[in-house]
Amino acid sequence: MTKKEIVIIGSGVSGLLCGKRLTEAGHSVLLIDKGRNAGGRLSTRRTDGAVFHHGASSLPDFYKHKDLPEFVIKILKRAEKEKVIQRKGVIFEPFSSVSHLVSFFAEGLNIKEGCEATSLDLKNKTIDVTYRSDNSTKLSYDLLIISIPPNQAKTLINNQLDRFDSCLSEVEMRSSAAALFSFDLDPALIKETYFSNKNVHVYVENNRFKCVQRLLSFTVHTKEPFAKKVVNNDKNKIKDILFKEVSNAVPVSLPKPTYEAGHRWLYGFTERSLGKAYLFYENESVGVCGDWCSGSTILDAASSGVKLAEQVLKL
Ligand SMILES: Cc1cc2nc3c(=O)[nH]c(=O)nc-3n(C[C@H](O)[C@H](O)[C@H](O)COP(=O)(O)OP(=O)(O)OC[C@H]3O[C@@H](n4cnc5c(N)ncnc54)[C@H](O)[C@@H]3O)c2cc1C
């Protein structure tokens, strides 16, 4: 095997697992992510007194997934054995927090967080990146993996792969909104883990995972079709709308929050996938992966990343 310099744009589940497979096979892999932390839609926010899980927070039963690469099954079995995840009925959930699961996936990887790819030159194999929205530089690669949602990939590729845009006509993503609230109230007031009404799901962060939560905290997610009405507002307005919903959904009277934030998931969920595990352009040395290639879950994202890595290893 000739050792390659591989850059992966995006350190969500697909990028992380792709990077892990290629790193373990002996390639030199750098992951870059514009977010503050790795994980992408597996996201956690820590504030003074609360930990919020406002992205994906469970995974389907990986023993039942029909088409998972052996490498993914091995990692998830180890995560189960080491109590990073645990079975809850027909799904698996993180044991202590989603960020613990992300750290488990990211173990041993070279990841540069706060680093955004702003443009690509596929002919000269370089990427313009901005680090922490400030310093700009160029990265070179032998092989590039793009592991980001489809619309963002389209913008970045910018017509340099003529067959790429036509594939995307098949793909549809759905947006949603979320909000995070904590209150200076005794968490013991509420024993339940979950409430809902017509418009929202409300997760009681105190009763979900084993991480320490000092304040009574809720993460609120919009349901369809309410999500469509809410998601185009700015984050402040989203927070105000969802505060009304949470006040109506939980059985205690809520004071002014000590922490409140709105969040938009513009490319949150796959409605219609590409129907292929990944895309690979051998002449240009570019691969594309992500949940949207073949499905809509963490397992589909992991599968896409690892299958692309295994294609690269055949070269
Ligand atoms: C609210 C919500 C709840 C969900 N719940 C579940 C669930 O319970 N179970 C489940 O299985 N799935 C769930 N999902 C879906 C799951 O989160 C996704 O399938 C999976 O996380 C997608 O991983 P990914 O690696 O394909 O993409 P992402 O996680 O989106 O990763 C892409 C990464 O690329 C980075 N990026 C983008 N552009 C650039 C750029 N130009 N430069 C550098 N970095 C860039 C982003 O910051 C991000 O970290 C949920 C999704 C949402 C939004």
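These are worked exercises on a predicted model, with each solution taken step by step.

Residue numbers start from 1 along each chain as its sequence is written, and side-chain values use heavy atoms, with hydrogens and water left out. Since this is a predicted model, local features need pLDDT of at least 70 and side-chain atom pairs count only at pLDDT 80 or more, while totals for chains, interfaces and linings use all residues.

**Exercise 1. Strand β16**

Task: work out how β16 sits in the structure, and which strands it pairs with.

Solution. Start with the terms. Strands (E, at least two residues) and helices (H or I, at least four) are DSSP runs, numbered from the N terminus. Buried means under 20% relative accessible area, exposed means over 50%, and partly exposed is in between (1.4 Å probe, protein chains only).

Step one is burial: β16 spans residues 216-222, and 7 of the 7 are buried, so the strand is largely enclosed by the rest of the structure.

Step two is side-chain direction. In a regular strand the side chains alternate between the two faces of the sheet. Here Leu216, Phe218, Val220 and Thr222 point one way, Ser217, Thr219 and His221 point the other way, and all are buried.

Step three is pairing, which takes at least two DSSP bridges between two strands. β13 (residues 172-183) runs antiparallel to β16 over 6 bridges, with Phe181 as the bridge partner of Phe218. β15 (residues 200-204) is also antiparallel to β16, joined by 5 bridges, and Val200 stands opposite Thr222.

**Exercise 2. Asn199 and His221**

Task: find where Asn199 and His221 sit, and what they touch.

Solution. Contact here means heavy atoms within 4.5 Å, and both lists leave aside neighbours within four places in sequence.

Take Asn199 to begin with. Asn199 is in the loop between β14 (194-196) and β15, and its relative accessible area of 15% makes it buried. Its contacts are His221, Thr222, Lys223, Phe226 and Glu245.

Now go to His221, which sits in β16 and counts as buried at 14% relative accessibility. Its contacts include His53, His54 and Gly55, and also Asn199, Val200, His201 and Tyr203.

Follow the chain past β16 and you reach Pro225, in the loop leading to α6 (226-230). The peptide bond from Glu224 to Pro225 is cis, with omega near 0°.

**Exercise 3. The domain interface**

Task: describe how domain 1 and domain 2 meet.

Solution. The bounds come from an automatic or database domain assignment: domain 1 is 5-44 + 59-171 + 273-313, and domain 2 is 173-270.

Distance and contacts come next. The C-alpha centres lie 28 Å apart, and 19 residues of domain 1 are in contact with 10 residues of domain 2.

For area, take buried area as the accessible area (1.4 Å probe) that two parts lose on being put together, summed over both. The value is about 1100 Å², with 66% of it from carbon and sulfur atoms. On the domain 1 side, Arg41, Phe95 and Ser96 lose the most area, together 36% of what that side buries.

Then look at the polar terms. A salt bridge needs a side-chain nitrogen of Lys or Arg within 4 Å of a carboxyl oxygen of Asp or Glu, and the count between the domains is 0. A polar contact is a pair of N or O atoms within 3.5 Å; within protein, one must be able to donate a hydrogen and the other to accept it, and residues adjacent in sequence count only if both atoms are side-chain atoms. That rule finds 5 residue pairs across the interface, both residues at pLDDT 80 or more.

Finally, the elements giving two or more residues to the domain 1 side are β7 (91-94), α4 (150-157) and α8 (291-294). The largest share, 3 residues, comes from α4.

**Exercise 4. A three-stranded sheet**

Task: which strands stand at the edges of the sheet that holds β5, β6 and β7?

Solution. This open sheet of 3 strands has the order β5-β7-β6, with antiparallel pairing. β5 (59-60) and β6 (85-88) are at the edges with a single partner strand each, so one side of each has no neighbour in the sheet. Between β6 and β7 there are 4 bridges, and Arg87 stands opposite Phe92 in β7.

**Exercise 5. Positive phi**

Task: compare the settings of Lys125 and Asn159, which have a positive phi although neither is a glycine.

Solution. Lys125, with phi of about 55°, is in the loop between β9 (115-121) and β10 (126-131). Lys125 is partly exposed, at 26% relative accessible area. Asn159 has phi of about 65° and lies in the loop between α4 and α5 (162-168). Asn159 is exposed, at 57%.
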